[in-house]
Amino acid sequence: MINTYQTSLAPPPVPPRLSRGHPVLVPEQLAPRSHGKPLLRLLAGVVILHFFLSIAGFIYLYNNEKTEKRLSEGKGKDYYSSERQVTFKRIMARMMVEHWPQTTQRTPKSGYLQWDTKNSVLKGINYFNESWLTVQQTGDYYVYSKVTFSKAAAKSPLAGEVKLRKNSTEKEAKTVMQAFCNIGSGSSNTMCTASQGQVMTLERGNQLSVWVEDRSLVNYVEASTTFGMYKL
């Protein structure tokens, strides 16, 4: 005898069958991105760029040096020669005194000092009649003189005067500079120096010289008594 059980519960639902026309897509796992490769590529690019810039700079400097060398070889001689010409053409005079040749007692003691041309320097200025400097180019000049006296005079003080005349034909010359010094009778000093300097405008043909009242009192040791001028 078979017993049949009955229940009021509904049977469990049957899961739906998958159709073959609708495959199930399973997402693949993505590989993690690397953040270091872009930085390495950037650094490599910077290094390569720096390398090429260094090479380009070296080539530029090398070619520039060669170009300057060629130019200096082509124009160097002319440049240095012109520089020497400018130095040589600098107008100036630096005169060293020459010993006064007193021939007789009647020779006047007052007069113009004479200059030793062998130990003097003349550039662009002429020398006239053993005592005068003749200006060849009009302009502003600095004129200076230094007269050293080694003997005292009965009349003090001692003086050195720079005189100017317009040209060689003019007999009278005017005093344009004057300096004094004094050797006292009771002083231990045996020498004194009258120095002076002044800027003046001179014209072509003007002549200058140094005049003293007693040439026998002048110290004629080299470089103790000088006279000169240079164009500004």
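Good morning. I begin with two charged residues, Glu 161 and Lys 163, both of which are buried. This is in a predicted model. Their side chains meet in a salt bridge, with 3.4 Å from N to O, and the structure holds 1 such bridge. Lys 163 also lies over the face of Trp 211, at 5.5 Å from the ring centre.

A second charge over a ring involves Arg 165, which sits over the face of Trp 132 at 3.9 Å from the ring centre. Trp 132 counts as buried because its relative accessibility is 4%, and buried means under 20%.

This brings me to the aromatic pairs, of which the structure holds 5. In one of them, the rings of Tyr 112 and Trp 132 have centres 4.8 Å apart and planes at 50°, so the pair is tilted. Tyr 112 belongs to strand β2 and Trp 132 to strand β5, 20 residues apart, and the pair thereby links distant parts of the chain. Tyr 112, at 23% relative accessibility, is partly exposed.

Tyr 142 and Tyr 230 form another tilted pair, 5.6 Å centre to centre with 40° between the planes. Because Tyr 142 lies in strand β6 and Tyr 230 in strand β11, this pair ties together parts 88 residues apart in sequence. Ring pairs link both tyrosines with Tyr 144 into a cluster.

Finally, the nonpolar core. The largest one has 33 residues, and among the members touching the most others are Leu 113, Phe 149 and Met 229. Elements giving two or more residues to this core include β1, β6 and β11. Leaving aside neighbours within four places in sequence, the contacts of Leu 113 include Val 97, Val 147 and Tyr 220. Thank you.

Definitions and conventions
Residues numbered from 1 in each chain as written. Predicted model: local features only at pLDDT ≥ 70, side-chain atom pairs only at ≥ 80, totals over all residues. Heavy atoms only, no water. Salt bridge = Lys/Arg side-chain N within 4 Å of Asp/Glu carboxyl O. Buried < 20%, exposed > 50% of the residue type's maximum accessible area, 1.4 Å probe, protein only. Core = buried A, V, L, I, M, F, W, Y, C linked by side-chain atoms within 4.5 Å. Helix = DSSP H or I, 4+ residues; strand = E, 2+ residues; numbered from the N terminus. Contact = heavy atoms within 4.5 Å. Phe/Tyr/Trp six-rings, centres within 6.5 Å; stacked < 30°, edge-to-face > 60°. Lys NZ or Arg CZ within 6 Å of the ring centre and 35° of its normal.
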